[in-house]
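Good morning, colleagues. Please look at the model on the screen while I take you through the site where its ligand is held.

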Amino acid sequence: MDKNIPYKIYLTEDELPKAWYNVRADMKTKPAPLLNPGTGKPMTLEELSGVFCTELAKQELDNDTAFIPIPDEILDFYKMYRPAPLVRAYFLEKALGTPAKIYYKFEGNNTSGSHKLNSAIAQAYYAKKQGLKGVTTETGAGQWGTALSMACAYFDLDCKVYMVKVSYEQKPFRREVMRTYGANVTPSPSDTTKVGRDILEKFPGTTGSLGCAISEAVEAAVTSEGYRYVLGSVLSQVLLHQSVIGLETMTACDKYGIKPDVIIGCAGGGSNLGGLIAPFIGRKLRGEADYQFIAVEPASCPSLTRGKYAYDFCDTGMVCPLAKMYTLGSGFIPSPNHAGGLRYHGMSSVLSELYDEGLIEARSAEQTSVFEAATQFARIEGTLPAPESSHAIKVAIDEALKCKETGEEKTILFGLTGTGYFDMVAYQKFNDGEMSDYIPTDEELAKSIATLPNI
Ligand SMILES: *Cc1c(COP(=O)(O)O)cnc(C)c1O
């Protein structure tokens with residue numbers, strides 16, 4: 001397909017995108033390729049297909065096709081909860097006394113409660129189409145596992161979830177939602193995989209990490225016939241699927257004459273932010289418009305703002321391909337921050353490249369200030385936000401208050417990625433004044449960054 005054709009021809013009658021937009025097609029410098037950890041050479045389609053569904057492996061490697069049609073079965077599923085609302089935060093604007101206009105794109109309108117379902121349903125579809133029995137994955141806070149279990153139930157696929165142990169214990173409700181949708185949930189590290197047993201031996205009593213759960217899920221996939229591994233963030237295929245967020249937002253903005261100046265999103269592995277900004281970045285890359293983009297990450301896990309742009313392992317067990325990204329080192333285990341979805345040590349290679357080129361900015365936010373913003377937003381705008389999403393709220397409020405000082409009438413747009421109903425232990429800590437703001441020291445970061453592979 002011609003990449004210069006405007007996105008509008010890919011809309012259904014009810015203004016749902018019929019194709020995903022692949023921002024890599026418009027990037028002059030492409031994100032660095034995934035490398036085989038054994039040979040150090042770029043991963044081939046054949047190698048990737050051993051771990052991922054073949055069609056998803058193709059999407060992972062495709063740096064050139066701008067629009068990739070969304071299969072009808074996925075579009076039908078999207079119709080159950082999309083288009084997602086683009087909301088003007090009138091009450092927040094008024095409460096802040098800002099001349100800025102504030103909009104947010106709300107992705108919490110589905111049972112899984114976040115944007116993750118947009119990619120989960122796509123990945124489950126391709127697994128089903130390939131005739132697989134099931135998929136394996138990891139989940140941290142549980143949003144991805146929940147979304148994937150919904151998607152697998154819809155396509156009648158087996159779903160094995162390795163859930164970071166601390167969340168498995170602290171978030172019994174997420175775990176039970178997954179089981180209700182038919183998923184098999186194992187706390188990680190576990191003794192069901194070799195890598196899990198090794199980690200347990202080396203770090204007895206560990207409460208686990210995302211990187212470790214990924215290693216377990218990958219091992220479970222490659223050692224079981226008819227299974228593949230799926231991942232809820234970081235990968236370029238996930239950013240591709242999440243472009244529905246940005247395409248819908250752009251459609252609504254164009255229709256109602258909204259011209260965002262600043263676009264803000266929280267960044268864990270980078271998928272919601274990458275999806276929200278994709279078509280806007282496309283316009284910026286093609287010289288058609290300009291926007292300020294801000295990625296917001298927790299001060300406790302600052303991969304963009306304090307990490308290094310280098311090849312690293314995507315997982316603690318070092319079984320996954322190497323990705324070039326802003327990273328804190330695959331051994332980095334962040335302090336127990338309550339924004340579980342933002343605790344990954346690295347960042348999408350697409351966003352890493354855009355950040356390295358200065359096309360997007362990054363800021364970090366401390367936990368208590370994030371929960372202050374979350375509480376303010378809940379009271380003023382009604383929606384109880386996820387702790388992850390509240391990082392974007394915090395910076396949106398900061399930007400709106402800056403406009404109050406300068407008198408600038410900017411249009412601020414942010415991604416409200418999900419609801420916080422399953423995060424009430426975190427809210428409880430905040431309400432009881434027991435929340436801390438642990439920020440890693442330079443020495444701690446240097447120590448984990450020093451373990452990056454030498455490439
Ligand atoms: C997972 C998650 C995030 C962070 O993941 P990204 O891949 O960076 O988008 C943000 N918000 C919510 C609600 C999540 O579940």
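**The ligand and its surroundings**

In this predicted model, an oxygen atom of the ligand lies 2.5 Å from an N or O atom in the side chain of Ser233; a polar contact here is a pair of N or O atoms within 3.5 Å. The side chain of Asn272 likewise places an N or O atom 2.7 Å from a ligand oxygen. At Gly269, a polar backbone atom is 3.1 Å from an oxygen of the ligand. Taken alone, the ligand exposes 380 Å², and the protein buries 98% of that (Shrake-Rupley areas with a 1.4 Å probe).

Residues are numbered from 1 along each chain as its sequence is written. Local features need pLDDT of at least 70 and side-chain atom pairs pLDDT 80 or more, while totals for chains, interfaces and linings use all residues, and side-chain values use heavy atoms, without hydrogens and water.

Which residues come nearest the ligand? Of the 18 around it, they are Lys116, Ser233, Gly268, Asn272 and Thr417, a residue being near if one of its heavy atoms lies within 4 Å. The shell divides into 4 nonpolar, 12 polar and 2 charged residues, with Gly counted as polar.

Where does the ligand lie relative to the domains? Domain 1 (8–15 + 71–113 + 239–449) and domain 2 (20–25 + 32–69 + 115–236) both give residues to the shell, so the ligand lies between them. The domain bounds come from an automatic or database assignment.

Terms used
Polar contact = N/O pair within 3.5 Å; in protein donor to acceptor, adjacent residues only side chain to side chain.
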